[in-house]
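Please work through the following exercises with the sequence and the model at hand, and attempt each task before reading its solution.

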Amino acid sequence: MNPSQVIIAPIFPLWVILILLILGSIFTFFQFRLMRKRLSVNRSLSLFLMRLAALSLLILFALNPTWTVRKEAKVSPTLAILLDNSPGMGMPGREGKGSRLDEARALLLDGSRPLLKYLSERFDVRLYEVGESLKALNPEDLATLKVGEKRADLGAGLAQLSGKASLALLVSDGSLEWGEGRSADFPIFTLPIGEPEKYRDILIKAVKAPAMAFRGREVEIDVQVKSYGYDGLRVPVVLKDGEKLLKAKDVRLDEKTGEGTVSLSFTPEEVGSQNLSVLVPRQLGESLTANNTVRLPLKVVRDKIRILMITGSPSMSYRYMRMALKNDPSIDLLSFVILRLPSNILNVPLQEQSLIPFPVETLFTKELKDFDLLIFDDFQSSLFFKAQYLENVRDFVKKGGAFAIIGGPAFIGEGGYAGTAIEEILPVRWAGKEGYRRNSPLGVKLSRAGRVHPLTRLSPLEGEDLSLWGEMSPLDGVNPLRPKSSGTVLLESTEENSWPILTVGSYGKGRVLVLATDDSWKWYMGMVAQGKGNWAYLRLMERMVRWLTKDPSLEPVQVTFPEISGTTGQETELRVRVQEDPAFSKAGMAISASVINPEGSKISSQIKPVGQTGEYLLSFLPGKEGTYKVKVETRAGSWEESMVIGGPAENLDGFPNHELLKKISASTRGKTLTGGDDFLKELKSYEEGARNRFIEESRHPLWGNAYIFILLLTLLTMEWYFRRRWGLI
Amino acid sequence: MISRRGFLTFGLTLAGGLFFPALKLPQCASFAQFFFAQIKYRGGEWDPNPQFVEAIVEELELRTSIKALPERRIVNLGDPNLFFCPFLYIAGRYEFEPFTAQEREILRRFLSHGGFLFAEDTMGARGFGFDRAFNREIKEIFPDHPLKRLPSDHSVYRSFYLIDSVGGRQRVNPFLEGVVLDNWTPVIYCQNDLSGAWERDKFGQWVHECPPGGEPQRSSAFKAGINIIVYSLTSDYKKDLVHHPFIQRRQNR
């Protein structure tokens with residue numbers, strides 16, 4: 001024991017101990033003088049020494065001497081091996097043997113002296129895969145490691161390593177994220193993988209396109225193409241909608257940068273989600289072709305709902321409908337009112353009339369397709385229309401156009417629709433010979449279907465619609481009709497043998513509506529007369545237009561696609577919103593979903609309620625890239641749409657970016673190495689310097705034990721015993 | 001003057017009311033799409049030209065596609081069926097008693113929500129008689145929208161005929177006045193006594209001369225009447241862009 005290793009740690013302040021020592025010594029000496037008078041010198045001295053020993057022990061106990069042992073230790077530095085797991089590491093390795101990841105694996109595990117084993121003997125090696133974040137790896141996992149789906153983010157990974165490593169070895173092809181001007185608190189040695197000089201590829205680097213476009217308005221898509229090994233070449237860039245070619249243009253790849261930009265423009269013709277793709281056809285000798293295509297989901301909406309309205313004669317029905325439609329800023333109305341029939345006689349020359357020719361041929365042969373909704377308002381078509389025009393109307397609806405007929409005396413009696421193409425598309429048929437009933441006030445009520453149909457849901461409050469329609473003014477005129485099996489009656493007369501007043505149906509891809517009266521304006525004025533405003537009529541007109549033109553907000557099932565196009569192996573989630581119908585909600589909403597993969601097989605999917613009532617989350621895991629068909633069915637209606645899933649290699653720039661690796665090493669005081677041996681040489685010099693030393697100190701209290709206490713008790717007991725024996729007690 | 005059909009309807013309704021007192025009448029009566037509904041007010045002379053309807057309806061059906069009833073309905077401002085009248089008409093020579101607050105409220109609500117009123121001062125004296133009383137009522141009903149001269153490009157001058165001056169039994173103003181609310185003119189006012197120019201006796205003879213213009217002035221009154229009726233049913237239809245080039249070309253000739 002080295003006395004310098006003993007330290008004292010008094011349990012009382014030293015001055016207290018000193019006073020106790022002095023007082024104790026004086027007291028003992030004074031006792032010795034007293035005993036000397038009664039006992040012999042030897043006996044007095046014995047007792048004095050025993051008391052002095054006990055006092056010394058107590059004082060030493062209070063001083064608490066401690067024996068301190070210091071031991072020096074040496075620890076190996078921590079080496080983090082960072083293995084890049086980006087999709088680029090799946091590209092072919094040197095000379096096309098395996099992947100770049102295989103090449104990295106071989107560097108670490110293979111050879112007569114495996115690098116990983118060698119390093120483990122000298123360093124505290126920690127193995128990590130670098131993806132979106134760092135993930136610790138066991139050496140035995142290395143052999144089965146697969147390429148990830150996301151580009152590695154080294155910057156984010158290093159933040160996780162802060163303070164946990166002395167140095168790092170990055171094994172990568174350089175195709176990873178590293179923020180400009182970044183650094184690390186330890187040196188990073190980089191070991192490049194791949195062969196930049198032999199890499200040949202063309203990829204679509206960036207596509208600038210709006211997420212939403214308006215139907216009928218030109219959309220411009222800017223495409224940036226990048227190439228490696230094809231500088232100066234002219235390549236075509238193609239824009240497709242599914243398999244349909246929309247546009248193609250050549251782009252010249254710059255000789256210095258290897259890049260080229262081209263603008264592709266097209267005019268979407270249909271409303272809805274379009275699955276666009278931009279691609280560059282495969283070129284000879286390309287290392288990777290999956291990055292030649294970029295999927296581009298585009299939502300096409302209408303800027304305004306374009307309505308063509310043909311009215312048989314000036315009428316109250318026209319005036320109020322016009323007022324309602326003109327009040328809606330999202331509607332673009334073109335109306336023609338037949339002011340004069342061939343039987344009318346004009347008494348003034350042309351320049352004194354405001355009448356214009358009815359451009360029936362232009363409208364119904366060329367321009368009909370430009371409209372979303374066609375309305376015949378008590379229109380006697382036989383006076384103006386060839387049969388061909390009515391067939392054109394039928395074709396317009398079949399292809400997705402909307403058609404509404406507002407009844408009146410001209411609709412059936414003289415309308416001339418019986419036996420025409422219009423009769424085919426209507427959801428109603430004539431009931432007998434009587435064309436129109438006037439002077440028969442008829443009350444109106446919601447049918448069973450009308451109570452839950454979005455078109456007639458005017459009030460957000462459940463049950464209020466029934467009473468609202470009960471307050472509507474009766475009609476003075478109605479076309480006696482009967483619904484076809486394809487038609488759905490929403491409003492009917494209150495008579496026992498009720499007449500359908502508002503009937504809807506569909507034909508082909510389009511929707512059709514028949515309002516069998518020219519008196520609907522009385523619903524407007526009837527509510528105004530009651531002091532209840534005009535909102536009910538205006539809302540009915542608005543919902544009629546929106547339902548006919550398939551406004552998504554009136555569809556029973558609404559589905560929102562993810563903002564970013566999904567990729568294979570990544571769970572895709574769609575938000576589903578179902579219009580709650582009071583009739584169904586009582587029985588509990590039934591909903592089911594199915595997903596069909598590009599090969600036509602049904603794959604596993606999940607739909608579960610989230611958030612508010614009627615909101616669901618549909619999720620599935622796409623295994624293959626291509627077009628998936630998603631279908632959601634509820635009792636209120638169904639929804640079906642296709643969505644494109646891209647592969648993980650889409651947008652992948654697989655060029656081995658060794659320059660970036662050099663930059664990483666330089667900015668972290670590391671070095672870019674050419675191989676495993678090179679690294680070993682570098683490490684030798686680093687190894688010693690990087691070793692950490694530290695002192696281990698242990699403390700053993702000398703007096704804080706039972707033996708000292710027993711010794712003290714023994715001394716005091718012996719002193720008491722001898723005093724008793726020698727007659728002092 | 002009530003027609004035979006109107007008389008029978010009225011008689012049967014009355015009889016029905018006597019036999020079924022608990023049965024409520026429907027909210028709107030059985031009306032045709034177009035007919036005149038003339039306001040009967042208190043004081044003054046509410047019906048200066050009782051036989052005006054037949055000739056203008058005949059002319060309307062002869063020249064246009066509008067089907068109209070050749071009869072008129074007499075309403076007072078408290079009549080709940082007023083809201084279902086497509087064309088409300090008020091005429092007079094002399095000052096009449098002020099409308100009650102309730103009557104004014106009914107007219108305000110009717111006219112503010114798409115209703116239409118054609119008013120005629122058959123005396124044609126600015127600031128006197130009917131003109132003074134009607135202006136007073138309009139100020140009460142629309143304090144912020146007084147009667148104003150309608151500009152020459154107003155739809156009422158081009159709704160059927162292209163007219164640049166308004167005829168009538170007399171020629172007080174070559175223009176029309178009106179109350180304009182946004183794109184709709186719910187009140188049109190004339191001091192030329194159009195209905196006086198339209199009026200025929202039971203033998204088909206014109207009741208009034210049309211000095212100083214004579215028959216062309218009467219013809220102009222018919223054109224103005226048809227334009228006002230067509231305007232009441234089509235609103236500002238003729239302001240639609242599709243009509244512009246045609247109307248412009250004809251007006252420039």
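The exercises below treat confidence, a sheet, the contact of the chains and the nonpolar cores in turn.

This is a predicted model, in which local features need pLDDT of at least 70, side-chain atom pairs count only at pLDDT 80 or more, and totals for chains, interfaces and linings use all residues. Residues are numbered from 1 along each chain as its sequence is written, while chains are lettered from A and ligands numbered from 1 in the order in which they are written.

**Exercise 1.** Establish which stretch of chain A has a pLDDT below 50.

Solution. Begin with the chain as a whole: chain A averages a pLDDT of 85, and 93% of the residues score at least 70, where pLDDT is the predictor's confidence in each residue, from 0 to 100. Next, locate the stretch, which is residues 582-587 of chain A, with eight contacts beyond near neighbours in sequence; a contact requires C-beta atoms, placed from the backbone, within 7 Å. Where pLDDT is low, the predicted coordinates should not be read in detail.

**Exercise 2.** Determine the strand order and the edges of the eight-stranded open sheet in chain A.

Solution. Strands are DSSP runs of at least two residues (E), and helices of at least four (H or I), numbered from the N terminus; two strands pair if DSSP finds at least two bridges between them. On that basis the order is E17-E16-E18-E19-E27-E26-E25-E22, with mixed pairing. The edges are E17 and E22 (444-446), each of which pairs on one side only. Within the sheet, E26 (500-507) and E27 (510-515) of chain A run antiparallel and are joined by six bridges, and Val504(A) has Leu513(A) in E27(A) as its bridge partner.

**Exercise 3.** Describe the side of chain A that touches chain B.

Solution. First count the residues: 40 come from chain A and 36 from chain B. Then assign elements, among them helix H6 (316-327) and strand E17 (331-337) of chain A, each of which supplies at least two residues to this side.

**Exercise 4.** Identify the residues with the most contacts inside the largest nonpolar core.

Solution. A nonpolar core is a set of buried Ala, Val, Leu, Ile, Met, Phe, Trp, Tyr and Cys residues joined through C-beta atoms within 7 Å, and a residue is buried if 20 or more other C-beta atoms lie within 10 Å of its own. The largest such core has 143 residues, and those with the most contacts inside it include Ile307(A), Leu373(A) and Phe87(B). Helix H6 (residues 215-234) of chain B gives the largest share, nine residues. Finally, the residues that Phe87(B) touches include Phe34(B), Phe116(B) and Ile229(B).

Conventions. Buried ≥ 20, exposed ≤ 12 C-beta atoms within 10 Å, placed from the backbone. Contact = placed C-beta atoms within 7 Å. Lists of a residue's contacts leave out its neighbours within four places in sequence.
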